[in-house]
Amino acid sequence: MEEFRVHLLANGKVAEQTVEGVDETEVRARLTAAGGVVLGIRRNARFGRGARAPKFALALFLQELSTLLDAGLVLIEALEALRDKTDASKSAKHVIDRILAVMYEGQPLSKALARQPGVFPQLLVATVESSEGSGQLPVVLKRYQQYEVRIEQIRKRVTGALIYPAVVISVGLGILLFMAFFVIPRFSAVFESLSTLPATAQAMLWWAKLLDENGMLVGAMVVMSIVGAVMAVRLPSTRRAAQRLMWRIPKVRDIGAIFALTRFYRTVGLLIAGGTPVIVALELAGKILPEHFRPRLAAALTELRAGRQVAAVLSNHALTTSVAERLLRVGEQSGDLGGMCEHIAQFHDSALDRSIEMLSKVFEPVLMLAVGATVGAVVLLLYMPIFELAGSIR
């Protein structure tokens with residue numbers, strides 16, 4: 001939880017108060033629902049503490065809640081027990097208090113979770129809502145935990161595959177900067193006393209002179225460029241542009257499609273198993289698809305509402321693989337579409353592992369060769385003037 005300083009118009013008066021909340025949007029929505037008009041809001045960073053409070057442990061909360069429900073406690077009693085734990089943090093108590101406040105008003109758990117979108121994902125809210133009235137809440141919570149674990153495993157595999165290239169590129173960039181700012185200026189001193197110099201030696205002398213006269217400025221520009229690049233990478237527009245570029249690379253595009261469909265079908269299977277209708281489950285799961293998949297899903301949903309078969313429609317709109325299409329047909333015939341969606345996700349998990357491993361085996365040596373060739377080219381340029389002078393003496 002975070003603290004926000006809010007200027008609020010309430011009862012005809014302007015007041016300033018400190019409000020705790022998950023994020024600015026959630027605080028604004030809560031105060032507006034209470035009848036106030038938010039004039040201004042800003043995060044209150046207190047001295048001696050970070051601007052961000054500890055993140056709510058959602059996985060632990062779901063695990064403990066399902067365990068208490070299995071033990072026979074009713075929902076409100078289980079939530080009160082979690083709130084009153086001795087090791088519960090202040091932020092966790094506040095989140096659970098807000099859930100209980102809504103439930104004391106007679107609202108279901110899904111409505112209480114939906115009031116805190118910054119803490120509880122929409123998928124969890126939809127899953128809980130589908131189980132209400134059936135008495136299957138502990139089962140649904142465990143199923144959602146398993147879903148999150150599997151998604152996190154896939155995310156870690158993809159992230160792990162990217163760590164090595166990032167390290168190699170960073171080391172290569174560090175070596176190049178070291179050579180540019182320390183090696184070349186000292187190496188160029190060898191050629192200062194010569195009257196006739198080849199082009200490579202003149203370039204080194206020019207760079208050494210530039211650093212000698214404006215070293216601080218050049219260094220500051222390099223640092224600013226690196227900081228600017230890091231900040232640009234964090235921008236949503238830059239990430240979207242990078243994603244569009246990656247989707248144009250054939251092999252990366254295939255792996256990305258497998259990853260997107262694996263997550264999509266696992267989400268659909270989770271929702272259907274929890275009692276969500278098929279079309280609603282597909283619509284909710286479509287929100288996690290990449291942007292260029294969504295128009296296809298929207299067209300597919302239109303056909304599905306007209307009564308067409310799921311397997312045929314998704315296949316026609318390139319939202320399946322050959323294996324997934326056959327499994328969907330079996331699921332429709334057997335009435336276990338949710339289970340078959342989970343089987344599709346499991347099958348593509350192994351395919352995704354193989355694709356990532358193969359791409360890593362090919363990409364990593366190529367990247368090493370590229371970085372090594374770049375560093376070697378710089379070293380060669382350092383010695384080229386010596387070779388040219390030796391050749392002219394003969």
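How much space lies in the largest pocket? I started there, keeping in mind that this is a predicted model. The answer came out at about 1,900 Å³.

**Entry: the pocket lining**

I pulled up the lining next and got 38 residues. Closest to the pocket's centre are V158, L162, A242, Q243 and M246. Then I asked which elements give two or more residues to this lining. They are helix 7 (137-187), helix 8 (199-234), helix 9 (236-246), helix 10 (250-273) and helix 15 (337-393). I also sorted the lining by class: 23 residues are nonpolar, 6 are polar and 9 are charged.

**Entry: the cavity**

How many cavities of 30 Å³ or more does the structure hold? I found 1, and the largest cavity has about 30 Å³ of space. I listed its lining as F61, L62, L65, L109, L113, L124, V128 and L141. Helix 2 (58-70), helix 5 (109-114) and helix 6 each give two or more residues to that lining. Helix 2 gives the most, with 3 residues. By class, I counted 8 nonpolar residues in the cavity lining, with no polar and no charged ones. For the pocket lining I had noted 9 charged residues.

A reminder to myself on the approach: rolling a probe the size of a water molecule over the atoms shows where empty space is left.

**Entry: T127**

Since helix 6 turned up in the cavity lining, I looked at one of its residues. T127 sits in helix 6, which covers residues 122-131. Is T127 buried or exposed? T127 counts as buried because its relative accessibility is 1%, and the cut-off for buried is under 20%.

Where does the polar part of the T127 side chain point its contact? I found one of its polar atoms 2.7 Å from the backbone oxygen of L123. I then checked what T127 touches, leaving out residues up to four places away in sequence. That gave me V140, Y144, L270 and L271.

**Entry: the whole protein**

I finished with the overall numbers. The protein has 15 helices and 3 strands. Of its 394 residues, 36% are buried, and T127 belongs with the buried ones. The exposed area is about 22,800 Å², and carbon and sulfur atoms supply 62% of that.

Last, I looked up how far apart in sequence the contacting residues are. Taking contacts with a separation of 6 or more, I got 55% from residues 24 or more positions apart.

Conventions:
Residues numbered from 1 in each chain as written. Predicted model: local features only at pLDDT ≥ 70, side-chain atom pairs only at ≥ 80, totals over all residues. Heavy atoms only, no water. Helix = DSSP H or I, 4+ residues; strand = E, 2+ residues; numbered from the N terminus. Buried < 20%, exposed > 50% of the residue type's maximum accessible area, 1.4 Å probe, protein only. Polar contact = N/O pair within 3.5 Å; in protein donor to acceptor, adjacent residues only side chain to side chain. Contact = heavy atoms within 4.5 Å. Areas by Shrake-Rupley, 256 points an atom, 1.4 Å probe, with all protein chains shown as cover. 1 Å grid on protein atoms, 1.4 Å probe; cavity = no way out; pocket = protein on both sides within 12 Å on 5 of 7 lines; lining within 4 Å. Points joined across faces, edges and corners; volume = space filled by probe spheres on them. Nonpolar A, V, L, I, M, F, W, Y, C, P; charged D, E, K, R; others polar.
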